[in-house]
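Thank you all for making the time this morning. I would like to walk you through one model, beginning with the ligand and then turning to a single residue.

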Amino acid sequence: MTETQQEYFGELLLDKKIVSALHHMGFEEPSPIQAATIPLALAGEDIIGQAQTGTGKTAAFGIPIVQNITDRRGVQALVLTPTRELAIQVAEEISKIGRTAHVRALPVYGGQPIERQIKALKSGVEIVIGTPGRLIDHLNRRTIKLDKVRFLVLDEADEMLDMGFVDDIEAIMDYLPPERQTMLFSATMPRPILSLSKRYMKAPKTVAITKEELTVPNIQQYYFEVKDKVEGVCRLLDAEIEGKVLIFCRTKKGVDDLNIALSSRGYLVEGLHGDLSQNQRDRVMKKFREGSCEVLIATDVAARGLDIDNISHVINYDIPQDPESYVHRIGRTGRYGAEGVAMTFITAREFRQLKLIERIACTHIKRRQLPTADNVIERQREQILSKVRTVLELNSFAPYVPIAEDLLEDYEAAEALAAALKLGQEGPKALEAPAEEKLREDLQNTGGRPGMVRLFVNIGRSQKITVRDIINSIAIEADIPARDIGQISIYDRFTFVEVPEAAAEKVLAAMDRNTIKGYRVNIEPAKLRR
Ligand code: AMP
């Protein structure tokens, strides 16, 4: 761990175990909402926080709660959320924060079999994150006890009110001890929320992101609603971006992951974050300045104090946690009157955070669609044409003319040229059979019984995988009838499973890089030993 992290999160007087968990999560410094909320929460204050998804609000309440849980005497914190998706997301985040401190968090929501939740609740958890309806259900069945709850969080309170959960929320409050700390987070503060807080909170302190004057540079600003962010970056790099790009990720882990994803796709990228030594940083910056790397991925902390010009595009791979950070990030491009473009990726849930940034920074961020695969091809076409024209103009290809003439004896001119272009474009990859063809070939030789294909899965007995796990996962994920799955042989470190020939490609597509019982799966056609 570097000094800075300890200092940053350490300044909030957090337990070492929590600081270490935050380090593993790749957090470098508290977000503004965290810096404002955590000290108040640790001092025992009730809090009203104006914040939405994307600001780091979950950790803002999750960190002080985890810090305050020191024993295992039942459910001590309850978080109410409007939707199951949010319940799951919040539970995942709090579980990560609590991992080293061994504090357990469980999401409880409608739509999941209640028996499973009852069992999980019985096994003991300290923090429950639930949707109001399902919690009421558990309370009626007496399958959850809330008499030890010392912390209550109402997350996305305005959404819960909009969805008509007020009565449920009030009913749940009746089960809680009056001696407790309550935190309410909401993007907006309509009157019903304020009256709810008056009734149920003690002298709450309000926390909102500061609204100081921000000057937005005069550059083009766009946002993209994306599902697959890696694919989104690739599209932009392939179809339109020219010049140097600075990509911002929220965490160190985010920087590393994107660095690996883009490098393995052949882009010249470097990552920069707080864990690098000064030497490593210098090396990365040198490459970026000299142009041997065109894409730099960084956290906010790492980018601070960087002295780089000529950045044509800034991409906010993760939406900034506050408007100020947005303005700082995009100010990296368009320096000295040069044209600059800032592009922000958002997920559907982060739309409100985008609107807040627009409002506070007094700017307009235009919606755009990602370039299409056709745009990418069109650009490649233009680039290839222009490169070949340059070679023709330079007239420097004489040694290759006899080879071309040989080829023209056997092939049509367009075919021969196309093959040469492919080789020039793709290098040795052009010599391999196309992926689909190779897959079809591989599928013919797996040693499966007639009509079946045998697949190799990289997990087995050591991961406590059972025949039922394999059948269930494949049947559900690939959407094929369980009875169609053939023989399954489980070994210590791997498993063979037979599926019908007709379903093999579907199973591979659905299962590869998916998980079984939480284990990441590689699955491929089995190879026959010769
Ligand atoms: P939230 O606003 O709670 O939904 O959080 C949005 C995202 O920001 C989540 O992926 C968090 O893991 C991440 N995040 C929260 N706090 C920090 C931080 N201090 N540094 C970096 N990422 C954070």
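What follows is a short account of the ligand site and of one lysine, and please keep in mind throughout that this is a predicted model.

Let me begin with where the ligand sits. Domain 1, residues 3-208, and domain 2, residues 219-371, both contribute residues to the shell around the ligand, so the ligand lies between them. That shell holds 17 residues, and the closest of these are Glu29, Gln34, Gly54, Gly56 and Thr58. In terms of character, the shell divides into three nonpolar, ten polar and four charged residues.

If we look at the backbone, which polar contacts does Gly54 offer to the ligand? A backbone N or O atom of Gly54 lies 2.6 Å from a ligand oxygen atom, and for Thr55 a backbone N or O atom is found 3.0 Å from an oxygen atom of the ligand. Lys57 takes part as well, with a polar backbone atom 3.3 Å from an oxygen atom of the ligand. As for cover, the ligand has 500 Å² of accessible area on its own, and the protein covers 87% of it.

Now I turn to the lysine, Lys229, which belongs to helix α11, spanning residues 229-239. Is this side buried or exposed, one might ask of Lys229? Its relative accessible area is 13%, which falls under the 20% cut-off, and therefore Lys229 counts as buried. Leaving aside residues up to four places away in sequence, Lys229 touches Tyr317, Asp318, Phe345 and Thr347.

Terms used: Residues numbered from 1 in each chain as written. Predicted model: local features only at pLDDT ≥ 70, side-chain atom pairs only at ≥ 80, totals over all residues. Heavy atoms only, no water. Helix = DSSP H or I, 4+ residues; strand = E, 2+ residues; numbered from the N terminus. Buried < 20%, exposed > 50% of the residue type's maximum accessible area, 1.4 Å probe, protein only. Contact = heavy atoms within 4.5 Å. Near = heavy atom within 4 Å. Polar contact = N/O pair within 3.5 Å; in protein donor to acceptor, adjacent residues only side chain to side chain. Areas by Shrake-Rupley, 256 points an atom, 1.4 Å probe, with all protein chains shown as cover. Nonpolar A, V, L, I, M, F, W, Y, C, P; charged D, E, K, R; others polar. Domains from an automatic or database assignment.
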